[in-house]
Amino acid sequence: MLRYTLLRIAGAIPTLLIVIALAFLMVHAAPGGPFDDERVLPADVEANIAKAYHLDEPLPQQFVRYLGKLLQGDLGPSYRYRDYTVAELIGAAFPLSLKLGAMAMGLALVLGVAAGTAAALNRNTALDRVVMAFAMTGISIPVFVIAPLLVLLLAVKLQWLPAGWSGTSGATRYLLPVVTLALPQIAYIARLTRASMIDVLGQDFIRTARAQGLGGATVIRLHALKPAMLPVLSYLGPAVAAILTGSVVVEEIFGIPGLGQFFVRGALNRDYTLVLGIVVFYATLVVAFNLVVDVLYGVIDPRVRYR
Amino acid sequence: MKPHRALLLFVVLVLSGCSGDGAAPLATLERGLPSDPETLDPQKARSTQAAEVLRDIGEGLLGYTANGELVPAAAAGWEISEDGLSYTFHLRPEARWSNGDPVTAGDFVLGMRRLVDPATAAFYAQMIGAIDNAAAIVTGEQPPEALGVTAVDPHTLRVELTRPTPYLLALLTHPSTFPVHPGSLETHGDAFARPGRLVSNGAYRLDAWVPGSLVSLRRNEHYWNNGATAIDAVNYHVLVQDTSELNRYRAGELHITSTVPPDSFAQVRAEYGDQLRVAPYLGVYYYGFNLAKPPFRDNPRLRQALSMAVDREQLALSVTGRGEAPAYSWVPAGVQNYEPPLMSFSALSKADRETLARRLYKEAGYGEDNPLRVEVRYNTSDTNRKIAVAIQSMWAEVLGVEATLINEEFQVLLANMRDAEVTQVFRSSWLGDYNDAHTFLSVLLADSPANMPRYANREFDSLMLRAAEQVDLVRRRLYLEEAERIMLADHPVIPLYFFVSKHLVSPVVSGWGDNVLDYHYSQHLGLSAQQ
């Protein structure tokens, strides 16, 4: 297993390099530059600025400069946030995004698995149909529709929760963003759990367990839940990706200073270093997460062997 | 992970979020800001958002009242030499930095030298181009020390100009001319403007800044006029989405919004009445022609026909619909010491206008069998799209023009406008940096980098130059107005409407004044207790 892990890590390096090179090319290929504006600058002033940020150098030279800095762990200064480095911005934004993401993920797992299990156990009853109808709705309505609706109802009309992030404090400000972020995932996980649970409940070993006289709840808890979780576990990777992309929208709508918002703003402002920094950071994270999931798979399912 | 463990994790995470950020019992003004300041370094800042915050935490030699009148600020008074080339400012001896140090003439010298120093790479370096040697310093031909700004003594500042610049006093309200605290610059270098370090000389000081979220200011106890400041703390909430900003105002979390979403405007007006403040703003929304390429190069008739075929009243009334004024000139009305000349056809009726437009269109070589096919580029936004669609149909209806609408991301459109290769007609706008016609007219000088249409007219340029050399305000004004008249007759642009500023201002806020610059210093505002 150690050999397998090391091999996977070694394999990840070229992947990351390709991602960085592609991202670098793409941000620079996009028309316009970080300092373009309707108030076009006099040539002298523009030259001074380009020089200060090394934008006057040929692209390959800029790339080598970037890679060199990256190897030293330096993501460079942000072009848009001129008082901050990219590392500082990511360092401040990521814990927040992580917290939101983890909370949304936790909520999605708990509610999704519970609802899915309940639906599977009460297959083809009214409960099952209600849960699945909710799940279908949750999957179909995009985050950018749910979020404003929730804000309008709970924050503007009823004034139970804050409508935004900045200047508010306490746990309540997490509620709307987390629920918005979790809703589609709750729905998806509920559907996955239901299908997988129904499948597992029909297996021989469940019948054996029942034949041994175990109670319904014990069978579910000790024997059915674990194998039924496998598809949910494989879905965790895509779910993290979905929450990451969802966070872009949610952070923008609620004005949360997380990575998603910086990523979008960075791309629109042509903040080359900020966009690249976040891409590098995300890419590393995704590669690492996939690795962890693959290793975890073996821990849960003894049939999986590493070579 | 077993479900109950996941639940536990969730609860722990929720609880860890409960720590809170500490409550602010102070009288705090909550304002919306459409994006983060890119920096709070006065010389490096560029955006209107940064300037808004900087006007609260810093102070120039002059400032504005709530209603937009120019008043002494860090300078108590000044004298101007007869030739208009030398200004002597007398600083307030009681002026203090936020750490208690006195504000001296040397601090202003430092700030302005920094502005033109190529090493600073300041966006507004050209702003004080009229000061002796400024241009040569920007290009690196002279050292920053050569700048014509000198400290005669700690409280006397002399500014020497190469040409009379009547709007110099207005320029000196701009954050890029603010002083710099020398000790901070020495200790922290260019990173002196970060929270926890920034020493400023305005009514407020920077308390905290969470990028992407919040800029918090506190009262500067050392400010010379601190007694007149009513509000203790100001929070600028960074709200990129105008709908989010409106929701927060509705939820009672904001006192002042930076704008009002175009789609909700009618509803907001009905809902909030007096709380909606709409005022003329120094900015023009226009369509430009690419004069470097056919079909618009050397074709003023065609340009005039297209300009005349646009029903600006209709546009301002039913397309934008927020009180914008139809534009028949390039410089907006309300600019100090200036009366913009109107385009020749402004007095004609709609029918006469259209008849004349059709005749010009025909004279330019187009007609029903040979319609003009033209591309209109605009940057993606709801308002821009609606306007483009309206103009497309006006041109089709009046002239039979077949216009193709192309929407592009802002940065893409900018790049295309600058290259002037693929553009034919493009959308743009110009916002005044100071209250003077020069900030608008200078855009269309042949060598101006912001001259997107590539307009070049020697007569216009020479009138502008004569105006620049003129000390007499009345004669200067006549030259400028004549320059605009000549430019308008060439139709390098189609001015469509003049902007308005739009804010929601809570009834608990007092002291609010509408002004064409849309400057609203927090130090002029008050909060009544009923909040």
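1. Before we start, one term: two residues are in contact if their C-beta atoms, placed from the backbone, lie within 7 Å. Keep that in mind for the meeting of the two chains, where chain A brings 51 residues to the contact and chain B brings 55 residues. On the chain A side, the elements that each give two or more residues are α2 (43-52), α4 (86-121), α6, α10 (230-254) and α11 (259-268) of chain A. The top contributor there is α4(A), with ten residues. Sorted by class, this side of chain A has 30 nonpolar, eleven polar and ten charged residues. One caution for everything below: this is a predicted model.

2. Now for chain A as a whole. Its secondary structure is made of twelve helices and zero strands, so don't go hunting for a sheet in chain A. The C-alpha trace of chain A spans about 85 × 60 × 30 Å along its principal axes. Of its 307 residues, 38% are buried. If you take the contacts in chain A with a sequence separation of 6 or more, 73% of them are between residues 24 or more positions apart.

3. Here is a helix pair worth finding on your screen. In chain A, helix α6 (residues 143-157) packs against helix α7 (residues 172-201) at an angle of about 145°, and their axes are 10 Å apart. The crossing of α6(A) and α7(A) is right-handed. Which residues of α6(A) and α7(A) meet? From α6(A) come A:V143, A:I146, A:A147, A:L150, A:V151, A:L154 and A:A155. From α7(A) come A:L176, A:V179, A:T180, A:L183 and A:P184. By class, that contact has eleven nonpolar residues, one polar residue and no charged ones. Remember α6(A) from the first point, too: it is among the elements on the side of chain A that touches chain B.

4. Over to chain B, which has 16 helices and 18 strands. How compact is chain B for its length? Its radius of gyration is 25 Å, close to the 24 Å that the globule rule gives for 531 residues, so chain B is as compact as a globular protein of that length. Its C-alpha trace spans about 75 × 75 × 45 Å along the principal axes. Buried residues account for 48% of the 531 in chain B. Looking at contacts in chain B between residues at least 6 apart in sequence, you'll see that 67% join residues at least 24 apart.

5. Next, a sheet in chain B. It is an open sheet of four strands with mixed pairing, in the order β1-β10-β9-β8 (chain B). Which strands are at the edges? They are β1 (28-33) and β8 (204-210) of chain B, each of which pairs on one side only. Ignoring direction, neighbouring strands of this sheet are turned by 20° against each other on average. For a close look at the pairing, try β8(B) and strand β9 (residues 214-219) of chain B, which run antiparallel over six bridges. One spot to click on is B:W209, whose bridge partner in β9(B) is B:V215. There is a helix on this sheet as well: α2 (residues 48-57) of chain B touches β1, β8, β9 and β10 (233-238) of chain B. The direction of that helix makes about 140° with that of β8(B).

6. Finally, some backbone oddities. Most residues other than glycine have a negative phi, and most peptide bonds are trans. Against that background, start with the peptide bond from B:P294 to B:P295, which is cis, with omega near 5°. You'll find B:P295 in the loop between β11 (276-289) and α9 (300-308) of chain B.

7. Two residues of chain B also deserve a check of their phi values. B:A420 isn't a glycine, yet its phi is positive, about 55°. It sits in the loop between α13 (410-419) and β15 (425-431) of chain B. The other is B:D518, again not a glycine, with a positive phi near 60°. B:D518 is in the loop between β17 (509-510) and β18 (526-527) of chain B. Is each one buried or partly exposed? B:A420 has 17 other C-beta atoms within 10 Å, so B:A420 is partly exposed. B:D518 has 21 C-beta neighbours inside 10 Å, so B:D518 counts as buried. The cut-off behind that verdict is 20 or more.

Methods:
Residues numbered from 1 in each chain as written. Chains lettered and ligands numbered in written order. Predicted model: local features only at pLDDT ≥ 70, side-chain atom pairs only at ≥ 80, totals over all residues. Axes fitted to C-alpha atoms, helices over the stretch in contact; angles between N-to-C directions. Left-handed = near helix turned anticlockwise from the far one by under 90°. Nonpolar A, V, L, I, M, F, W, Y, C, P; charged D, E, K, R; others polar. Buried ≥ 20, exposed ≤ 12 C-beta atoms within 10 Å, placed from the backbone. Rg over C-alpha atoms; globule rule 2.2 N^0.38 Å. Pairing = 2+ DSSP bridges.
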